Amino acid sequence: MSYNIENVAKQQIFVAAYHGSFPEKGFEMACALAEKYSKQVCFLGLTSKGEDGSAYSATFQEWVEQRGASSVVPLNHLVVGYEEFSDVMEDTEAAMIVFEIMPDSPYRKVRPLLELCRQLRIPYFFVKEGQRIALNKVLVPVGFLNEEREKGPFSSSFGRFFKAEIYLMPAKDYGSRARQNTDAIKTLLEKSKTVYHEVEAKKDSFKVEMEAVKRQEELQADLLMISASRDYGIDDIIFGPKEEKIVKKSTIPVMVINPRKDLYALCG
């Protein structure tokens, strides 16, 4: 690796950044998370093979100096290659990472970022220019897969640290597994005294997350929590995975968690 792990703080909240434009909304989201979780924020530059990272480092240092005076959380910066990304996230014990989808940056396309994050053990966020950054109401669609229960600890965490209200939307399936998953999440929320509401869905587990996207305004949600696909099928490879469509269509920030039991780390 080209970076010195000993010089990188652990458990930071990273915001992917490009030296050509400041990620205003990504930075705002990262700071909102870092303030409540008592973490540091780190600008993360990702360079292609052979690309000189000096422009990133120089610009990021200016940002740290300029924004540091008014920031309520400590700021850092780090520049690594794309091929080092997963290792960096694991070695630094990253807490979360935020991507702002910006038209004139390397982070303008959703699918490559999703593929980049496939092996992460942490949640990753997608925000867009113009979106409001708030964490008061979190919309959580729940499907039939067993790993949907992993949305429970994150929902509880938002309830405890942000006093957020959780809006659970169990899929309308013929079977009972989505209901069982929802009840398991509700039990956890009750233990942490998190305020929650249940929203009746009209779609099944394969479409409930997209239904949640369409009902964001109605429910006045601030954040949508979804699970990434277990595996990519031929349709996902050709037309894009469902999470790509959700991020593109969502009018609020989206938090994605990976659907493998061994891939979870949780703030708080």
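**Close-up views of helix packing**

**View 1. Surroundings of the buried face of helix 6.** The buried residues of helix 6 pack against strand 6 (137–142), helix 5, strand 7 (165–170) and strand 8 (196–198); contact means heavy atoms within 4.5 Å. The model is predicted: local features need pLDDT of at least 70 and side-chain atom pairs pLDDT 80 or more, whereas totals for chains, interfaces and linings use all residues. Residues are numbered from 1 along each chain as its sequence is written, and side-chain values use heavy atoms, with hydrogens and water left out. Helices (H or I, at least four residues) and strands (E, at least two) are DSSP runs, numbered from the N terminus.

**View 2. Helix 6 (residues 177–191) and its buried residues.** Ala178, Asn181, Thr182, Ile185, Lys186 and Leu189 are buried in this helix, that is, under 20% relative accessible area (1.4 Å probe, protein chains only). Seen down the axis of helix 6, these residues fall within an arc of 140 degrees, so they line one face of the helix; the arc is that of the directions from the helix axis to the C-beta atoms. Just after helix 6, Lys193 has a positive phi of about 60 degrees.

**View 3. Packing of helix 1 (residues 24–37) with helix 5 (residues 151–162).** The axes, lines fitted to C-alpha atoms over the stretch in contact, lie 10 Å apart at an angle of about 75 degrees, on a scale from 0 to 180 degrees between N-to-C directions. The two helices are therefore roughly perpendicular, a term for angles of 65 to 115 degrees. Ala32, Leu33, Lys36 and Tyr37 in helix 1 meet Ser157, Phe158, Phe161 and Phe162 in helix 5.

Methods:
Parallel < 35°, antiparallel > 145°, perpendicular 65-115°, else oblique. Expected span 1.5 Å × (residues − 1). Buried < 20%, exposed > 50% of the residue type's maximum accessible area, 1.4 Å probe, protein only.
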